[in-house]
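Hi everyone, thanks for coming. Have a look at the structure on the screen, and I'll walk you through a ligand site and then a pair of helices.

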Amino acid sequence: MTNVNKIEPFKEPIYVTRPFMPPFDEYVQGLKEIWESQWLTNNGPIVQRFAKELSDYFETGNVCLFTNGTLALQLGLQGMGITGEVITTPFTFVATTHALFWNNISPVFVDIEPDYYTLDPEKVEAAITPHTTAILAVHVFGHPCNIDALADIARRHNLKLIYDAAHAFGVRIGNKSIADFGDMSMFSFHATKLYHSIEGGMLSFKDSGNKKKFDYLKNFGFENEEEVVMPGTNAKMNEMQALMGRVVLKHINDIIEKRRKITAVYRDMLEGIPGISLLPELPKHIHYNYAYMPVEVDEKEFGMSRDRLYEELKKYNIYSRKYFYPLVCDFACYKSICAKDPLTIARKVAERILTLPIYYNLALDDVSMICNIIRNMSQAGAKAI
Ligand code: T4K
């Protein structure tokens with residue numbers, strides 16, 4: 001067994017994520033065209049080509065691009081006319097809830113399931129009131145929600161079903177894209193995501209009638225130079241973003257494959273360390289994207305709290321993250337919203353969760369080293385030294 005005292009810290013910081021940087025020349029080649037055309041934004045030719053390529057990738061004609069995922073979700077909810085109460089998860093990035101807030105919608109937080117941290121359908125059903133208009137579920141860490149159960153609840157109660165699919169680029173269920181489920185899904189193309197366009201966001205949606213509304217909302221509500229049909233905002237994607245998105249899209253299979261390999265090393269080497277739990281493998285029919293590498297830390301069994309492990313890893317130049325702690329409902333701006341649901345699982349997970357580094361350029365040897373460091377920090381590892 002490796003002695004933790006003898007392991008040197010990494011020379012360069014190992015962050016929880018790094019953006020995939022495509023071959024420089026591929027991006028520069030595209031930049032030439034932008035320079036020559038002098039067209040930088042406002043639904044330029046590269047944004048249009050990018051939208052077409054994403055339609056093909058997601059196998060749907062109904063996509064709309066935005067400058068980031070948060071505005072995509074916020075304007076998507078607005079465009080769909082969602083009001084009143086929306087049932088959602090507290091175990092997510094705060095932007096999910098912010099998108100509701102900016103639409104004057106009351107979030108109703110309910111608990112998650114313990115295996116993959118997605119909304120618990122039973123809790124969703126129990127939280128429905130006459131004011132409920134929609135469910136906003138999150139495919140957190142790229143894990144598909146319980147889509148059949150949620151679809152059934154939405155249908156029976158006449159609710160819209162909206163997915164925050166910020167983490168779910170490239171995920172497929174059987175032969176269907178994850179974008180095929182629900183009334184609308186939002187994908188984030190932020191630099192920290194496995195797939196990115198520097199910043200960027202996309203809505204995919206069932207009702208093609210929504211497209212026009214989303215286009216108005218992201219472009220000041222302009223119908224033409226002299227007509228504004230609604231008070232829209234500015235949430236357009238620009239040409240540099242779209243170019244990055246197009247170039248990165250060419251590498252998406254390679255990106256996902258590398259992340260699969262990293263995950264396999266983590267699973268292999270962390271398996272069996274007392275106090276470190278890995279999520280169960282996803283069912284075979286789910287084509288996963290390996291978006292994050294979450295583990296749960298049991299303080300008693302591991303011999304160290306999650307927070308202490310997070311700090312100790314920093315000494316080795318390893319910057320894990322506590323995605324998603326605190327729960328959104330515990331942030332100062334949402335604390336006054338009283339969740340009726342005790343959120344038992346979400347609270348437990350938020351106290352124990354740690355997401356480990358995973359990104360395209362992370363060497364498999366470095367992953368092994370991270371695992372050795374964790375193993376040796378554990379009670380069992382410490383005794384063996
Ligand atoms: N819904 C969900 C479920 C989401 O997770 C998110 C975003 C959204 C909605 C909203 O989508 P966007 O509006 O962002 O499109 C990051 C991201 O900023 C955020 O996009 C993401 N979720 C969230 C989970 O993570 P931070 O504050 O943790 O990022 P930051 O800046 O600390 O970056 C993490 C690490 O990544 C850094 O330690 C180093 C590395 N990094 C970061 C950037 C930006 C790089 O190496 N290069 C970079 O350019 O929020």
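**Around the ligand**

The shell around the ligand holds nine nonpolar, 11 polar and four charged residues; here Ala, Val, Leu, Ile, Met, Phe, Trp, Tyr, Cys and Pro are nonpolar, Asp, Glu, Lys and Arg are charged, and the others, Gly among them, are polar. Please keep in mind that this is a predicted model, where local features need pLDDT of at least 70 and side-chain atom pairs pLDDT 80 or more, while totals for chains, interfaces and linings use all residues. Residues are numbered from 1 along each chain as its sequence is written, and side-chain values use heavy atoms, leaving out hydrogens and water.

Which residues come nearest to the ligand? Of the 24 around it (a heavy atom within 4 Å), those are Thr70, Asp164, His167, Ser188 and Tyr323.

Now some polar contacts, meaning pairs of N or O atoms within 3.5 Å. The side chain of Thr70 places an N or O atom 2.6 Å from a ligand oxygen. His190 has a polar side-chain atom 3.4 Å from a ligand oxygen, and for Lys193 such an atom sits 2.8 Å from a ligand nitrogen. Taken alone, the ligand has 920 Å² of accessible area (Shrake-Rupley, 1.4 Å probe), and the protein covers 76% of that.

**Two helices**

Let's move to α1 (residues 24-37) and α8 (residues 239-249): their axes, lines fitted to C-alpha atoms over the stretch in contact, with angles from 0 to 180 degrees between N-to-C directions, come within 10 Å and cross at roughly 145°. Helices here are DSSP runs (H or I) of at least four residues. Contact means heavy atoms within 4.5 Å, and the residues making it include Leu31 and Trp35 of α1 and Leu243 of α8.

Key
A polar contact is a pair of N or O atoms within 3.5 Å; within protein, one must be able to donate a hydrogen and the other to accept it, and residues adjacent in sequence count only if both atoms are side-chain atoms. Helices (H or I, at least four residues) and strands (E, at least two) are DSSP runs, numbered from the N terminus.
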